[in-house]
Amino acid sequence: MTDLNTLTKPALNDMLAKPLTASALKQTAKDDLVAMIEAQPPKLTAMEKRVLVAYLDAGIDANGAETLDAMLADNMTWGDVPEIAQRTGLTQKQVQGVVASLSTKALLVITDEGVNGEGPVQQVLADDGIRVAFDLMAEGTEAKAEPKARKPRELPDRVMLEPGKPEDMKATKAGSKRHLMAEALAKGATIEELMATLGWNKDTVSSALRTDMGALGLGVERKAGKYYLLLPKGVKRIPAHDADTTRADALVAACK
């Protein structure tokens, strides 16, 4: 460990969480700088914070002491590597490394003494470790980290289905599921939006993009996560017929 008294004042100043200005540093004695550094809470990694809170959780579970004074009066923050690994979700090797680091920072005591003579419990928080752990808990630090949200897989842009020839195109019934899908695709829609429009699940929608649109002679293209309708060359609108329009008339109208 570095002897702070052998360092220069500028080097000591760099070790402060909030370094002094040049004028303030000039007026501050070296012994005072050393005292300021020693009084600073140690810098902790994210894993070290989680492990400290895990030991504190173990103590609270053991004696129900949920305040700093109560835990200092009855320190039951005992734990071992397997238990802390389970509480944090870290591997035992990771916990062993953190335990060694916290020990050098005087926040954790490594001991072979058992609790009340029962079993070889190996670690317990030092008083400063208890204080830091309570501060971390108050800041919202938890022993087990929240799982990272998986980044959605981005699908490449491409033509999913080429449109057919105009003469192979078929008209669909106005208001039908196929018609609703084609209209949504004409504006551009995500899979989720198509699911909401059609009331279908994801697999059915994904299949219908090829089967239903293909059956009508229409194509489908994917761009930036959305799906778009591709009409055959020379076709200007989706051919749809109703009670007053024949399929043939709908096809003719779609090309006008």
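At what angle do helix H9 and helix H11 pack, and how far apart are their axes? In this predicted model, helix H9, spanning residues 177-187, packs against helix H11, spanning residues 202-215, at an angle of about 100°, and the two axes lie 11 Å apart. Angles of 65 to 115 degrees count as roughly perpendicular, and H9 and H11 are therefore roughly perpendicular to each other. On the H9 side the contact involves Arg178, Met181, Ala182 and Leu185, which meet Val205, Ala208, Leu209, Asp212, Met213 and Ala215 of H11. Eight of these residues are nonpolar and two are charged, with no polar residue in the contact.

Helix H11 also takes part in the second largest pocket, to whose lining H11 and helix H10 (191-198) each supply at least two residues. The contribution of H11, four residues, is the most that is given to this lining. The pocket holds about 370 Å³ of space. It is lined by 15 residues, and those closest to its centre are Arg153, Leu155, Ile191, Lys202 and Tyr227. By class, the lining comprises six nonpolar, three polar and six charged residues.

Two further helix pairs involve helix H4. The axes of H4 and H7 cross at roughly 85° and come within 10 Å. The same range of 65 to 115 degrees applies here, so H4 is roughly perpendicular to H7. Met47, Glu48, Val51, Leu52 and Tyr55 of H4 form the contact with Gln94, Val98, Val99, Ser101 and Leu102 of H7. The contact of H4 with H7 contains seven nonpolar residues, two polar residues and one charged residue.

With helix H8, which covers residues 127-138, H4 has a crossing angle of roughly 100°, and the axes come within 9 Å. This crossing makes H4 roughly perpendicular to H8. The H4 residues Lys49, Leu52, Val53, Leu56, Asp57 and Ile60 meet Gly129, Val132, Ala133, Phe134, Leu136 and Met137 in H8. Nine residues of the contact of H4 with H8 are nonpolar, one is polar and two are charged. Leu52 is listed in the contact of H4 with H7 and is also listed in the contact of H4 with H8.

Salt bridges were counted next. The model contains five salt bridges. In one, the side chains of glutamate 48 and lysine 105 meet with an N to O distance of 2.9 Å. Glutamate 48 belongs to helix H4 (residues 46-63), whereas lysine 105 is in the loop between helix H7 (92-104) and strand S2 (108-110), so this pair ties together parts that are 57 residues apart in sequence. Glu48 is also among the H4 residues that make the contact with H7.

Note on methods. Residues are numbered from 1 along each chain as its sequence is written. This is a predicted model: local features need pLDDT of at least 70, side-chain atom pairs count only at pLDDT 80 or more; totals for chains, interfaces and linings use all residues. Side-chain values use heavy atoms; hydrogens and water are left out. Axes are lines fitted to C-alpha atoms, for helices over the stretch in contact, and angles run from 0 to 180 degrees between N-to-C directions. Angles under 35 degrees count as roughly parallel, over 145 as roughly antiparallel, 65 to 115 as roughly perpendicular and the rest as oblique. Contact means heavy atoms within 4.5 Å. Ala, Val, Leu, Ile, Met, Phe, Trp, Tyr, Cys and Pro count as nonpolar, Asp, Glu, Lys and Arg as charged, and the others, Gly among them, as polar. On a 1 Å grid over the protein atoms alone, a cavity is a set of points where a 1.4 Å probe fits but cannot get out, and a pocket is an open set with protein on both sides within 12 Å along at least five of seven lines; lining residues have an atom within 4 Å of a point. Grid points are joined across faces, edges and corners, and a volume is the space filled by probe spheres set on the points. A salt bridge is a side-chain nitrogen of Lys or Arg within 4 Å of a carboxyl oxygen of Asp or Glu.
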